[in-house]
Amino acid sequence: MPSPPSPASPAIELDALERRYGERVALAGVSLTLPAGATLLVLGPNGAGKSTLLRVLATLLRPHGGSVRVLGDELPERAWAVRRRIGYLGHEPLLYRDLSARENLTLHARLHKVAAARVEELLADVGLAARADDPLHTYSRGMVQRCAIARTVLHDPALVLLDEPRANLDPGAAEILEPLLAGRTRVVTSHDPAEAERADVVLGLRAGRPHDLEGLYAT
């Protein structure tokens, strides 16, 4: 069994990654190395392959070509070992709308064998303590997003994969949530080139392939 990577080891290593949906190529020729603790920003228009890349890294999709190594383990062979060390936030919050924020986080805490005190800590951190017992269907979209981010970091993952995490959040809420992500290796997708200022590494994707940032959004 491979030992966990040292702090100096890459968190993610991609070499000529490929992923298809039937005959359609979703990703091709994607190669990069991301150091542990660094932030990778993935930019590109709709349909560029950004969400597909995150789903491959989250072990939700198998690569069809190339090699993928995450937190020292090869995918898909060692996907089972990687999953417990990843926090994934997709376009869907993966929460039950008829349950409260406290109930949702408690359910995930039990799955990950996380102490109940962590739930209460996160509810306060994301500004939901006062509404913690209200069902999610009474929340605004921004409040649901806060709860989803709390779920993502609940088990203290080494790597967080965030598909447009600032969607539905006002700037003030986004700054409140930033400390929850600090110190973790991050892969973040966005349509906004201005986000590059927050990243250590930037990957442009267009039609599933790496692309220079200049002209990335040209029609």
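**View 1. Strands β3 and β8 run side by side in this predicted model.** Here we zoom in on β3, residues 39-43, and β8, residues 185-190. The two strands are parallel, and five bridges join them. Want one pair to look for? Find Val42, then look across to β8, where its bridge partner is Thr189. A handy bit of background: strands of a sheet pair through backbone hydrogen bonds, and they can do so in a parallel or an antiparallel way.

**View 2. β3 and β8 belong to an open sheet of six strands.** Follow the strands across and you get the order β6-β7-β8-β3-β9-β10. The pairing in this sheet is mixed. Which strands sit at the edges? They are β6 (86-89) and β10 (209-210), and each of them pairs on one side only.

**View 3. The edge strand β6 lies parallel to β7.** Four bridges hold β6 together with β7, which covers residues 159-163. Leu89 of β6 stands opposite Leu162 in β7. Now check which way the residues of β6 point: Ile86 and Tyr88 go one way, while Gly87 and Leu89 go the other. Are these four buried or exposed? Every one of them is buried.

**View 4. The largest pocket holds about 400 Å³ of space.** How do you spot empty space in a model like this? Rolling a probe the size of a water molecule over the atoms shows where it is left. The lining of the largest pocket has 15 residues, and those nearest the centre are Arg83, Ile86, Tyr88, His112 and Arg151. You've met two of these names already, as Ile86 and Tyr88 point the one way from β6. Along with β6, the helices α3 (101-112) and α5 (141-153) each give at least two residues to this lining. By type, the lining splits into seven nonpolar, six polar and two charged residues.

**View 5. The second largest pocket has a volume of about 240 Å³.** Its lining is made of 16 residues, with Arg166, Glu178, Leu181, Arg186 and Arg198 closest to the centre. Our strands from the opening view turn up again: β3 and β8 each supply at least two lining residues, and so does α6 (171-181). Which element gives the most to this lining? That's α6, with four residues. Sorted by type, the lining has ten nonpolar residues, one polar and five charged.

Conventions
Residues are numbered from 1 along each chain as its sequence is written. This is a predicted model: local features need pLDDT of at least 70, side-chain atom pairs count only at pLDDT 80 or more; totals for chains, interfaces and linings use all residues. Side-chain values use heavy atoms; hydrogens and water are left out. Two strands pair if DSSP finds at least two bridges between them. On a 1 Å grid over the protein atoms alone, a cavity is a set of points where a 1.4 Å probe fits but cannot get out, and a pocket is an open set with protein on both sides within 12 Å along at least five of seven lines; lining residues have an atom within 4 Å of a point. Grid points are joined across faces, edges and corners, and a volume is the space filled by probe spheres set on the points. Ala, Val, Leu, Ile, Met, Phe, Trp, Tyr, Cys and Pro count as nonpolar, Asp, Glu, Lys and Arg as charged, and the others, Gly among them, as polar. Buried means under 20% relative accessible area, exposed over 50%, partly exposed in between (1.4 Å probe, protein chains only).
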